[in-house]
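Reader: I would like to understand the reasoning behind the terms used for this structure. Please take me through them one at a time.

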Amino acid sequence: MDQGGPGTDRRVDAGPRVRVPAGHVPGVRALVTGGAGFLGSHLSERLAGQGARVTIVDDLSTGRLENLEALRPTPGPLPLGPDAGAAELIVSDLGHALEGPLAGRSFDRVYHLAASVGVRRVMDDPADAIERNVVLTARLMRWLVAGGLAGFGAAAGAVGPAGAAGPAGGTSGRVLIASSSEVYGKSERAPFAEGDDSVFGPTTALRWSYACSKALDEHLALAHHQRHGLGVVIARLFNTVGPRQVGDYGMVLPRFVGAALRDEPLEVHGDGEQVRCLCDVRDVVDGLCRLTEHPGAVGGVFNIGSDQPMTISELAARVVRVVGSQSLVVKTPYQRVFGAGFEDLRRRVPDLRKVRALIGFDPGVPFDQTIRDVARWIADADGCARGSRDRFGRHGAGR
Ligand SMILES: NC(=O)c1ccc[n+]([C@@H]2O[C@H](COP(=O)([O-])OP(=O)(O)OC[C@H]3O[C@@H](n4cnc5c(N)ncnc54)[C@H](O)[C@@H]3O)[C@@H](O)[C@H]2O)c1
């Protein structure tokens, strides 16, 4: 397909704590790559709701047009003028879009979410995943420096190293990179802080290619920040959940909720004692918007997610209870799901001190509410057993 560090110090020195409003100046030009996906569609809605003019680029490889129903984007380009809250959709591979419909255009905010996501999808086609994640990010960075980001390119004059440039020299626009907690690899530290080492397995184990590709994305972004003063902000997302996330690529919550709605067994991989923290997409999107707007976030790496740990067995039991299901919970060995030699991570908990200190990040959606919202979305979107639809569908009582 066609595409485009921290040290070991664990101290948190994020400067004065500032509550940054997540609002945008009406008419700010925002580009969301992967905007028809799970996270991207929630983010695009939020940005448009705050008055941004949103341009979405998505090749619909895992994204879905249905995710944009509420936004109703036009095929684009957006008409000139203020037109706050308007949205356009460019259905294209991002690499092609940079040379085609996006050529010569410039944005104030760029949220780069397009990627091949999920360990299962990456293991199915690792080469495609690496190309999407790394080559695409490299091309995007070059396009931004060449004028795709406000304040860059010929019109802005020469750009200098980070900090040297004024607004006309490249510091006015911002680029948010959606990285992943996978970057910590199989480090056994708990919780993970942004300055911790990454520990990856051997290159012969395909599952590490996703972690490596996201680490390279971070390196690329930070290199462009250092070299050109590009206003990058890196968010390391921990498990994010909510309506519109699909279970097809192994994501645990929609898989469990879907099975519970059908009263089928919930399949826990391994012994079920692996620990995860799941955060509602609305809290994550709020954090991403606030981070991007905070001047102190530029050039930094931030964990975003929940720090409330639970085992996968506990999660399964909770889903069964909240959905009111008759499902059993069964355990399946990893090797039967992912093949021999698969290494999973025992404990993945973020240290949130840095992002809390900077933007007051404080996830607030109760987790049972998230489960109910996911159940309602699955019941409405995919249809399922009649009883479940009655309980959680559009006209059901599960609210
Ligand atoms: N959901 C999570 O728990 C989580 C955790 C860590 C990191 N992330 C990161 O957040 C971002 C969004 O993830 P998501 O969960 O919404 O997944 P998603 O699969 O729903 O979204 C990715 C989107 O990118 C699009 N895309 C892929 N390749 C493209 C290309 N070449 N050109 C244009 N569009 C392309 C897909 O169609 C899809 O809409 C990703 O970068 C992912 O690595 C997500």
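Author: The exchange below concerns a predicted model, and it takes up a helix, its crossing with another helix and the surroundings of the ligand.

Reader: Why is helix α6 called largely enclosed by the rest of the structure?

Author: A residue counts as buried if 20 or more other C-beta atoms lie within 10 Å of its own, and 10 of the 10 residues of α6, residues 252-261, are buried, so the helix is largely enclosed by the rest of the structure. Among these buried residues are Arg 255, Phe 256 and Gly 258. After α6 comes Asp 263, whose phi is positive, near 55 degrees.

Reader: What makes α6 oblique to α8?

Author: The axes of α6 and α8, the latter spanning residues 312-323, come within 9 Å and cross at roughly 40 degrees. Angles under 35 degrees would count as roughly parallel and those from 65 to 115 as roughly perpendicular, and therefore α6 is oblique to α8. The crossing is right-handed.

Reader: Which residues make the contact, and how do they divide into nonpolar, polar and charged?

Author: From α6 the contact is made by Val 252, Phe 256, Val 257, Ala 260 and Leu 261, and from α8 by Ile 312, Leu 315, Ala 316, Val 319, Val 320 and Val 323. These residues divide into 11 nonpolar, no polar and no charged.

Reader: How many residues surround the ligand, and which element gives the most to the shell?

Author: The ligand is surrounded by 27 residues, of which Gly 34, Gly 37, Leu 39, Gly 63 and Ala 115 are the closest. Helix α1 gives the most to this shell, with three residues, and the shell divides into 13 nonpolar, 10 polar and four charged residues.

Key
Residues are numbered from 1 along each chain as its sequence is written. This is a predicted model: local features need pLDDT of at least 70, side-chain atom pairs count only at pLDDT 80 or more; totals for chains, interfaces and linings use all residues. A residue is near a molecule or strand if its C-beta atom, placed from the backbone, lies within 6 Å of it. Helices (H or I, at least four residues) and strands (E, at least two) are DSSP runs, numbered from the N terminus. Ala, Val, Leu, Ile, Met, Phe, Trp, Tyr, Cys and Pro count as nonpolar, Asp, Glu, Lys and Arg as charged, and the others, Gly among them, as polar. A residue is buried if 20 or more other C-beta atoms lie within 10 Å of its own, exposed if 12 or fewer, and partly exposed in between; C-beta atoms are placed from the backbone. Axes are lines fitted to C-alpha atoms, for helices over the stretch in contact, and angles run from 0 to 180 degrees between N-to-C directions. Angles under 35 degrees count as roughly parallel, over 145 as roughly antiparallel, 65 to 115 as roughly perpendicular and the rest as oblique. A crossing is left-handed if the near helix is turned anticlockwise from the far one by less than a right angle, and right-handed if clockwise. Two residues are in contact if their C-beta atoms, placed from the backbone, lie within 7 Å.
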